[in-house]
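Dear colleague,

I am handing over the structure below, and my notes on what was found in it follow underneath. Please read them alongside the coordinates.

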Amino acid sequence: MALGLILGLGRAMRRKRTSSLDILSSKRAPRDYYKGKNCKPTGFHTRKGGYVVMQEKLPNYVVPDLTDFKLKPYVSQCPREVKTAEASESAK
């Protein structure tokens, strides 16, 4: 019995896939199998075929007030080179 436990542990350590999501793919499953993208549901299905969205399951983004903030939220695709005293000192 102890030998069987040791062999079982050895097999478990040699397994290639540790995630259960990788074991069954849509190519190795029946035609109507849809694996999904590992997303969390935002509600539930009703008995009559509808879907109820629950507000507590939706993501809630908290954005601070940026009225007096010095920086702008835009980053240019082609920034200009600005030479400062710190950059010239670190290059030496």
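How much area does the protein chain expose, and what share of it do carbon and sulfur atoms supply? The protein chain exposes about 10300 Å², of which carbon and sulfur atoms supply 58%, with accessible areas taken from the Shrake-Rupley method with a 1.4 Å probe, where for residues only the protein chains shown count as cover.

This is a predicted model, in which local features need pLDDT of at least 70 and side-chain atom pairs count only at pLDDT 80 or more, while totals for chains, interfaces and linings use all residues. Residues are numbered from 1 along each chain as its sequence is written, and side-chain values use heavy atoms, with hydrogens and water left out.

The protein chain has 2 helices and 2 strands (DSSP runs, numbered from the N terminus: H or I of at least four residues for helices, E of at least two for strands), and the order from the N terminus is α-β-β-α. Of the 92 residues in the protein chain, 2% are buried (under 20% relative accessible area, with exposed meaning over 50% and partly exposed in between, for a 1.4 Å probe and protein chains only).

Tyr 33, which lies in the loop between helix H1 (2–14) and strand E1 (43–45), is partly exposed because its relative accessible area is 31%.

As for the cysteines, the structure holds 0 disulfides (pairs of cysteine sulfur atoms within 2.5 Å); Cys 39 is exposed at a relative accessible area of 62%, and Cys 78 also counts as exposed, at 61%.

Best regards
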